[in-house]
Amino acid sequence: MTFQNSEHFNRLCIHTISNKPWSMGKIIENYAQAGVKGISVWRDRLADKSPVQLGEEIRKAEIEIVSLVRGGFFPGKTEAERNAAIDENRLIIDEAAGLGAPMLVLVCGAVPGQAIRQSLDQIEKGLATILPCAEKNGVKLVIEPLHPMYADSRSAIATMKTANDFAEKFDSPFLGVAVDVFHVWWDPDLEAEIKRCGDNGKLMAFHICDWKQDMEDMLNDRGLMGEGIIRIGEIRCWMENSGFNGFHEVEIFSNRWWNTDQNYFLQKIKKAYLQI
Ligand code: ZN
């Protein structure tokens, strides 16, 4: 491995969901053995361990916790539903703090059939309510715009522009944006919006995978980097030219890869990552 490669390799982070078939113990052990330096923890991994305990185990293996995934889902048909979402987000911020995760990724939510503008208003109210809690706990809230194919139920925030509008409106060092290539690669304004985000100091996370043209499932058939059509290297350059120097987080939901040997998949991730 050349020096340049090892420097690049040290920025590899993997989301626990990518190796869904593995137990958390196996993930920690295998990432440490593979030299993976960063991990983003999905909340399902907190089911049988306290966040504090899990955080200690991860740090003991010399792996850095990059983020907790995920909070959000603020819109709701009734006020009671929206208040419940706010309570849930307060709880998730506590979990992130306990885990020692500096960031909480937000999938902001949408209500099927409800006007997008109304969902955005509800998201704004939700963010305004939980932001003080995040600031108090030292946890950054990171808005992840999702591909518009999920605008019905998962995220009324579908573009970097909308995410940037929110980040600018709140203008808190504890509210930023996550760029996931799967969700935003198609956007003709992507380069300009990444630059805008960087200029505002809000570029907080970078998620990578690939978009397969023969996708069989809009949720669980993401590609490994190189299997699809996203110009990941180009987007990475835009990120870095805009001042981003954080981890490159591999986030792959894939029935196909989950059905293969996970050690083999981890080796494929490493190899594909180094070729970006
Ligand atoms: Zn993502």
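Trainee: Which residues of α8 are buried?
Mentor: This is a predicted model, and α8 covers residues 190-199. A residue counts as buried when its relative accessible area is under 20%. In α8 the residues that meet this are Leu190, Glu193, Ile194, Arg196, Cys197 and Gly198.

Trainee: Is glutamate 193 buried or exposed?
Mentor: Glutamate 193 sits in helix α8. Its relative accessibility is 11%. The cut-off for buried is under 20%, so glutamate 193 counts as buried.

Trainee: Which residues is glutamate 193 in contact with, leaving aside its neighbours within four places in sequence?
Mentor: The buried residues of α8 have cover that includes α6, β6, α7, β7 and α9. Of these elements, α6 spans residues 160-170. For glutamate 193 itself, with the neighbours within four places set aside, the contacts are Met160, Lys161 and Asn164.

Trainee: Which residue that follows α8 has a positive phi?
Mentor: Helix α8 ends at residue 199, and β7 covers 203-208. The residue with positive phi follows α8, and its phi is near 70°. That residue is glycine 201.

Trainee: How many bridges join β6 to β7?
Mentor: Both strands are mostly covered: 6 of the 6 residues of β6 are buried, and 6 of the 6 residues of β7 are buried. The two strands run parallel. One of their bridges pairs alanine 178 with alanine 205 in β7. The number of bridges joining β6 to β7 is 4.

Trainee: In what sense do β5 and β6 pair?
Mentor: Strand β5 spans residues 140-143 and β6 spans residues 175-180. Valine 142 stands opposite glycine 176 in β6. The two strands pair over 3 bridges, and the sense is parallel.

Trainee: Which residue in β8 stands opposite histidine 207?
Mentor: Strand β7 and strand β8, residues 248-250, run parallel and are joined by 3 bridges. Histidine 207 is also a zinc donor, through ND1. Its opposite number in β8 is glutamate 249.

Trainee: Which residues coordinate the zinc ion?
Mentor: The donor residues follow the sequence spacing E-x35-D-x26-H-x43-E. The donor atoms are OE, OD, ND1 and OE, at 2.0 to 2.2 Å from the ion. In that order the residues are Glu144, Asp180, His207 and Glu251.

Trainee: Why is the arrangement around the zinc ion irregular?
Mentor: Four donors count as tetrahedral if all angles lie between 85 and 135 degrees. Ideal tetrahedral angles are 109.5 degrees. The 4 donor atoms here subtend 82 to 151°, which makes the arrangement irregular.

Trainee: How many residues apart are glutamate 144 and aspartate 180?
Mentor: Both are donor residues of the zinc ion. Glutamate 144 is buried at 3% relative accessible area, and aspartate 180 is buried at 0%. Glutamate 144 lies in the loop between β5 and α6, whereas aspartate 180 lies in β6; the pair links distant parts of the chain, 36 residues apart.

Trainee: What is the radius of gyration of the chain?
Mentor: The chain has 11 helices and 8 strands. For 276 residues the globule rule gives 19 Å, and the value for the chain is close to that, so the chain is as compact as a globular protein of that length. Buried residues make up 54% of the chain. The radius of gyration is 18 Å.

Technical notes: Residues are numbered from 1 along each chain as its sequence is written. This is a predicted model: local features need pLDDT of at least 70, side-chain atom pairs count only at pLDDT 80 or more; totals for chains, interfaces and linings use all residues. Side-chain values use heavy atoms; hydrogens and water are left out. Donors are N, O and S atoms within 2.8 Å of the metal (3.2 Å for Na, K and Ca); water is not among the atoms, so sites may look incomplete. Four donors count as tetrahedral if all angles lie between 85 and 135 degrees; four count as square planar and six as octahedral if opposite donors are over 155 degrees apart and all others between 65 and 115; anything else is irregular. Buried means under 20% relative accessible area, exposed over 50%, partly exposed in between (1.4 Å probe, protein chains only). The radius of gyration is taken over C-alpha atoms; the globule rule is 2.2 Å times the number of residues to the power 0.38. Two strands pair if DSSP finds at least two bridges between them. Contact means heavy atoms within 4.5 Å.
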